[in-house]
Amino acid sequence: MLVLDGKIAAAAVKATLLEQTQALKAAGKRMPHLAAILVGNNGASETYVASKVKNCEETGFGSSLYRMEADVEEAVLLAKIAELNQDPNCDGILVQLPLPKHIKESNIIEAIDPAKDVDGFHPVNVGRLVQGLNTFIPATPYGIILMLEHFNIETKGKNAVVIGRSNIVGRPMSILLSSNIAQGNCTVTICHSHTKNLKEICLGADMIVAALGVPNFLTGDMIKPGAVIVDVGITRVEDATAKKGFRIKGDVHYEEACAKASAITPVPGGVGLMTIAGLLKNTMKAYQGL
Ligand code: NAD
């Protein structure tokens with residue numbers, strides 16, 4: 001069984017990006033720049049944003065982090081986005097989700113210039129993705145595609161099941177896997193909280209992408225021998241024996257899945273690292289122009 005190690009695949013993506021930034025530097029050019037906005041101080045969001053900024057530095061990108069209080073008015077956030085949209089030194093804009101309840105997420109996403117929308121959430125970019133046009137692919141599904149590419153996982157003609165239909169993971173993942181691209185051309189079934197016979201559907205799958213946010217949901221009895229398992233889930237589960245008081249759990253029962261799968265992504269150390277790789281690639285793309 002092959003462990004699809006995110007550390008290895010992400011390092012390969014970042015090494016290529018570092019070569020590109022070093023070449024830009026040698027030519028006296030400006031570096032690609034990512035602006036991240038963090039509203040409030042949600043622990044998981046803090047960790048994700050810190051990791052994104054650190055990875056920018058390691059890859060030679062510039063980055064700025066703008067922090068706003070949890071009770072910030074939507075208009076203030078929109079004004080910051082408008083300013084960054086106009087800033088010629090800012091290539092990519094990322095607003096860390098989720099946002100506090102009083103802010104309408106779609107207003108924020110739609111305010112970002114589609115040419116700087118490195119998260120790929122703007123409806124213009126989603127439309128381009130659906131039509132198979134050049135676009136910013138949302139970072140997590142993009143990272144998964146990069147992971148499959150790195151480990152030469154053949155997908156053509158396979159039955160793929162995606163569990164979860166969110167705008168940031170499940171739905172774009174299902175679009176990519178069904179697209180006519182190297183790591184696509186699957187026959188895709190997208191499942192969600194109203195799906196009946198999920199176990200039977202999973203048992204027919206050559207590949208399962210679990211993105212629902214329920215720890216250990218996908219158990220060994222739901223997996224066909226030889227299937228490829230991609231675990232997107234990241235849930236903090238309380239654990240008094242852990243240093244931080246919690247452990248990160250995926251959506252897949254790892255030990256049981258290992259006994260069935262031909263390849264599997266671990267949690268942590270799998271898709272999460274590839275998400276950052278996808279984001280960095282999108283930022284380079286924004287710098288170069290779509
Ligand atoms: P979400 O809550 O927006 O969507 C969850 C989806 O799962 C929904 O479409 C829902 O219908 C479906 N679902 C819920 N319970 C189900 C069930 N019992 N059976 C079938 N379908 C069910 O979540 P999201 O933002 O897509 O995130 C999903 C998970 O992925 C979370 O754990 C999140 O933390 C994680 N995540 C990880 C990364 C990463 O980089 N690894 C990135 C984004 C999200």
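Start with the whole protein chain of this predicted model and colour by burial: buried residues make up 49% of its 290 residues. Keep the full chain selected for the overall dimensions. The C-alpha trace spans about 50 × 40 × 40 Å along its principal axes. A compact globule of 290 residues would have a radius of gyration near 19 Å, and the protein chain, at 19 Å, agrees with that.

Switch to a cartoon view. The protein chain holds 10 helices and 11 strands. If contacts are drawn between residues at least 6 apart in sequence, 69% of them join residues at least 24 apart. Now turn on the surface: the protein chain exposes about 13600 Å², and carbon and sulfur atoms supply 53% of that area. For the charges, select the 28 positive and 28 negative ones; their mean positions lie 4 Å apart.

**The six-stranded sheet**

Select S1, S11, S8, S7, S5 and S6. In that order these six strands form an open sheet, with parallel pairing. Strand S1 (2–3) and S6 stand at the edges, and each has a single partner strand, so one side of each is left without a neighbour in the sheet. Go to the S1 edge. Two bridges pair S1 with S11 in the parallel sense, and Leu2 can be found opposite Ala263 in S11.

**Strands S2 and S4**

Next select strand S2 (residues 33–39) together with S4. The two run parallel and are joined by four bridges. Centre on Leu34, which stands opposite Gly92 in S4. Then show the side chains of S4 (residues 92–95) and look at its two faces. Gly92 and Leu94 lie on one side, Ile93 and Val95 on the other, and all four are buried, so that both faces of the strand are covered.

**Two cis peptide bonds**

Most peptide bonds are trans, and most residues other than glycine have a negative phi. The next stops depart from one or the other of these habits.

Follow the chain out of S4 into the loop that leads to helix H4 (105–111), where Pro98 lies. The peptide bond from Leu97 to Pro98 is cis, with omega near 0°.

For the other cis bond, select Val267 and Pro268. The bond joining them has an omega of about -5°. Pro268 belongs to the loop between strand S11 (263–264) and helix H10 (271–288), and S11 is the strand already visited as the partner of S1.

**Two positive phi values**

Select Asn152, in the loop between H6 and strand S5 (159–163). Its phi is positive, about 50°, although the residue is not a glycine. Is Asn152 buried or exposed? Asn152 has a relative accessible area of 67%; the cut-off for exposed is over 50%, so Asn152 counts as exposed.

Then move to Asn197, found in the loop between strand S6 (187–191) and helix H8 (198–203). Asn197 is another residue other than glycine with a positive phi, here near 55°. S6, on one side of this loop, is an edge strand of the six-stranded sheet.

**Last stop: Leu133**

Finish at Leu133, in the loop between helix H5 (123–130) and helix H6 (139–150). The relative accessibility of Leu133 is 40%, so this residue counts as partly exposed. Add Ser174 to the selection and draw a distance between the two C-alpha atoms: Leu133 and Ser174 are 41 residues apart along the chain, and their C-alpha atoms are separated by 16 Å.

Methods. Residues numbered from 1 in each chain as written. Predicted model: local features only at pLDDT ≥ 70, side-chain atom pairs only at ≥ 80, totals over all residues. Heavy atoms only, no water. Buried < 20%, exposed > 50% of the residue type's maximum accessible area, 1.4 Å probe, protein only. Pairing = 2+ DSSP bridges. Rg over C-alpha atoms; globule rule 2.2 N^0.38 Å. Contact = heavy atoms within 4.5 Å. Areas by Shrake-Rupley, 256 points an atom, 1.4 Å probe, with all protein chains shown as cover. Lys, Arg positive; Asp, Glu negative; His and termini not counted. Charge placed at Lys NZ, Arg CZ, Asp CG, Glu CD.
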